[in-house]
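Here are a few notes to go through with the model open beside you. They deal with charged side chains and where they pair up.

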Amino acid sequence: MRAWVLLSAVLWYLTGVGWQRSSERTGKGFIYGRPGHPVKIYVKLHHNSPILACMDFRRAKKETVDPTYLWIGPNEKPLTVNDRINITKTGKLKVKDFLEALSGLYTCTLSYKTVRAETQEESIVKQRYDFLIFGKRSDRRIFPEPSIHLLPRL
């Protein structure tokens, strides 16, 4: 009977039942979001956050025409680059020396153009990605697990 319970627990864990697996993390360490699903990330205090990409994994594989990125921090104000916040030209965010006060919702809006081949008509697409970042004090595992999982190296 114990073996059956253990096997059930392992299968439950591996399938991700019970928590949302709504992000993808590449071997390069980028964490991608998925539209409409906040990604939960736990960062050890006084360590750097993983690199958050302002797009989903599928969009990253496609050509994106004239992208713009707007990151909003937990205080609901646009983030600006400083000693602690790093935002690249490709819309990736990294928070250095993470403090508990920095915990909260980080939202990025990606805007890009699409062009219809037949008519050459341009339109602008906007997509929002939410990342919930929490500071943690120790190396203890957190349950439920953060909503990320690793993908094979690209």
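The points below go through the salt bridges, pair by pair.

1. Keep in mind that this is a predicted model. How many salt bridges does the structure hold? There are five, and the points here pick out some of them.

2. Start with Arg-84, which pairs with Asp-97; their closest N and O atoms sit 3.3 Å apart. Look at where the two come from: Arg-84 is in the loop between β5 (65-72) and β6 (85-87), while Asp-97 is in the loop between β7 (92-95) and β8 (104-115), so this salt bridge ties together parts that are 13 residues apart in sequence.

3. Are these two buried or exposed? Neither, really: Arg-84 is partly exposed at 26% relative accessibility, and Asp-97 is partly exposed too, at 31%.

4. Next, find Lys-113 and Glu-122. They form a salt bridge with 3.6 Å between the closest N and O atoms. Lys-113 is partly exposed, with 27% relative accessibility, whereas Glu-122 counts as exposed because its value of 52% is over the 50% cut-off.

5. Don't stop at that pair, though. Which residues are linked in a network of salt bridges? Asp-66 joins Lys-113 and Glu-122 in it.

6. Last, check Arg-128 and Asp-130, whose side chains meet in a salt bridge at 2.9 Å from N to O. Arg-128 is partly exposed at 44% relative accessibility. Asp-130 has a relative accessible area of 18%, and because buried means under 20%, Asp-130 counts as buried.

How values were computed: Residues are numbered from 1 along each chain as its sequence is written. This is a predicted model: local features need pLDDT of at least 70, side-chain atom pairs count only at pLDDT 80 or more; totals for chains, interfaces and linings use all residues. Side-chain values use heavy atoms; hydrogens and water are left out. A salt bridge is a side-chain nitrogen of Lys or Arg within 4 Å of a carboxyl oxygen of Asp or Glu. Helices (H or I, at least four residues) and strands (E, at least two) are DSSP runs, numbered from the N terminus. Buried means under 20% relative accessible area, exposed over 50%, partly exposed in between (1.4 Å probe, protein chains only).
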